[in-house]
2 protein chains.
Amino acid sequence: MPRWPTNALGRLQDAAMELFLERGYTATRVSDIATHAGLNERTFFRYFADKREVLFWGTDLLQAFAAETILAAPSDVLPLDAAFSALEAAATELQGRPAWSRSRQALIAAHPELKERELAKHAALAATIADALRKRGATDGTATLVAEAVLAVFKVGFDRWLAEPVPSDLPQHLRDALVELRAVTGDPTPRSTP
Amino acid sequence: MPRWPTNALGRLQDAAMELFLERGYTATRVSDIATHAGLNERTFFRYFADKREVLFWGTDLLQAFAAETILAAPSDVLPLDAAFSALEAAATELQGRPAWSRSRQALIAAHPELKERELAKHAALAATIADALRKRGATDGTATLVAEAVLAVFKVGFDRWLAEPVPSDLPQHLRDALVELRAVTGDPTPRSTP
């Protein structure tokens, strides 16, 4: 089957994942990935700094997108809603390749060096979200609490989405997890109407 | 000034921090720390696997304490309250040496390898808390959301405590941060009385 020549990024990601699953992450070399994708190493390094980065491509884009979306929210939108909406909007883009995402998650769970990288990326995303919220006027405390809370919501929603036999609607899983967050953190005593 | 001979752990921690601040973390060797504490390297390695672990001593204890405290909570205590109470109880122990904690935090912020380690420890603590909550009957989603939420509360409370001119009441800072978490995640529409 001929391959669409301009989609080098996707071809490299697919080739890498195939080899990671067949030969193992450690045994796979950048040159193997490039060859398997029908491309050369130079093209590989146009997209990725190293083998590990194949699994983390797009995280910088996600950070930039989240910050911009939060800053573009009308000023009367509450911090939690602004931050959640940004991740909800990103989710539509992130749900394109569930099989790939599932393999990626399994690889990360199996390799401490990948797990470390994933944690660092999550921390960077939380810091970016908190920073955007502060720029909208949130206090340091609120910004941090909201950023960590929406990332927890994202994590729970994403895991549930991937656990589906056929992962479908990631944004809906995120909305469900947000409802659950509100329930578990909610004041247990009912408020009275004003 | 004579040193209390049995407090080898505290002496090693203090000696390490003094050298980290004077000479830099990277330039300080285990042998320097032991000598500065008036002890030998063998004693150092009785407490710490390496230089880095001086800064992370006690995190395993904290995990075990949190899990036990959560599992000991009466079954009608809500997950968030059980998890929060465990960290609140631990806070009394953790607030003993604010100057040391403040130096530690500055070192971690300045060294990516320490930051990585700190993130891994946080993730392990979150996983332990979530696991204890599941053992009490919480669903996977609730357990993860609550664990991440209380760690966010801890982080915010801890940072505020350390930012005080004279850090005093860590548990109170945690309670204040919990109130703030409830406020930022609360349903914005007031509930009516049943």
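# Briefing: contacts and charges in a two-chain model

Arg134(A) is partly exposed, with 31% of its relative accessible area (buried means under 20%, exposed over 50% and partly exposed in between, using a 1.4 Å probe and protein chains only). This is a predicted model, in which local features need pLDDT of at least 70, side-chain atom pairs count only at pLDDT 80 or more, and totals for chains, interfaces and linings use all residues, while side-chain values use heavy atoms and leave out hydrogens and water. Residues are numbered from 1 along each chain as its sequence is written, with chains lettered from A and ligands numbered from 1 in the order in which they are written.

**Confidence**

- The predictor assigns the complex an ipTM of 0.86 and a pTM of 0.88.
- The average pLDDT of chain A (the predictor's confidence in each residue, from 0 to 100) is 91, and 93% of its residues score at least 70.
- Residues 1–5 of chain A have pLDDT under 50, and the model gives them 6 contacts (heavy atoms within 4.5 Å) beyond four places in sequence.
- In residues 190–194 of chain A the pLDDT is also below 50, and the model has 13 contacts for this stretch beyond near neighbours in sequence.
- Where pLDDT is low, predicted coordinates should not be read in detail.

**Salt bridges**

- Over all chains there are 26 salt bridges (a side-chain nitrogen of Lys or Arg within 4 Å of a carboxyl oxygen of Asp or Glu).
- Side chains of opposite charge can pair when their charged atoms come close.
- Asp140(A) and Arg134(A) make a salt bridge, with 3.5 Å between the closest N and O atoms; Asp140(A) is exposed, at 51% relative accessible area.
- Another salt bridge joins Lys155(B) to Glu148(A), whose closest N and O atoms are 2.8 Å apart.
- That pair crosses between chains: Lys155(B) is in helix α8 of chain B, and Glu148(A) is in helix α8 (residues 140–163) of chain A. Helices (H or I, at least four residues) and strands (E, at least two) are DSSP runs, numbered from the N terminus.
- Lys155(B) is partly exposed at 33% relative accessibility, whereas Glu148(A) is buried at 18%.
- Arg104(B) and Glu118(B) form a salt bridge through their side chains, at 2.9 Å from N to O.
- This pair links distant parts of the chain, with Arg104(B) in helix α6 (residues 98–110) of chain B and Glu118(B) in helix α7 (residues 112–135) of chain B, 14 residues apart.
- Arg104(B) is buried, with a relative accessible area of 15%, and Glu118(B) is buried at 17%.
- Through shared partners, salt bridges connect Asp131(A), Arg134(A), Lys135(A) and Asp140(A) in one network.

**Aromatic rings**

- The whole structure has 12 aromatic pairs over all chains. Rings of Phe, Tyr and Trp (its six-membered ring) pair if their centres lie within 6.5 Å; planes under 30 degrees apart are stacked, over 60 edge-to-face and the rest tilted.
- Phe44(A) and Phe45(A) are an edge-to-face pair, 5.3 Å centre to centre with 85° between the planes.
- Phe44(A) is buried at 0% relative accessible area, but Phe45(A) is partly exposed at 43%.
- Tyr47(B) and Phe48(B) have ring centres 6.2 Å apart and planes at 45°, so they are a tilted pair.
- Tyr47(B) is partly exposed at 31% relative accessibility, and Phe48(B) is buried at 2%.
- Phe44(A), Phe45(A), Tyr47(A) and Phe48(A) are linked by ring pairs into a cluster.
- The charged end of Lys51(B) sits over the ring of Tyr25(B), 4.4 Å from its centre (the rule is NZ of Lys or CZ of Arg within 6 Å of the ring centre and within 35 degrees of the ring normal).
- In chain A, Lys51(A) lies over the face of Tyr25(A), 4.4 Å from the ring centre.

**Nonpolar core**

- The largest nonpolar core (buried Ala, Val, Leu, Ile, Met, Phe, Trp, Tyr and Cys residues joined through side-chain atoms within 4.5 Å) has 80 residues.
- Ile129(A) and Ile129(B) have the most contacts inside this core.
- Beyond neighbours within four places in sequence, Ile129(A) is in contact with residues including Ala66(A), Ile70(A) and Val150(A).

**Single residues in chain B**

- Arg160(B) lies in helix α8 (residues 140–163) of chain B and is partly exposed at 28% relative accessibility.
- Leaving aside neighbours within four places in sequence, Arg160(B) is in contact with Gly141(A), His173(B), Ala177(B) and Glu180(B).
- Glu53(B) is in the loop between α3 and α4 (59–72) of chain B and is buried at 14% relative accessible area.
- Not counting residues up to four places away in sequence, Glu53(B) touches Phe48(B), Arg117(B) and Lys121(B).
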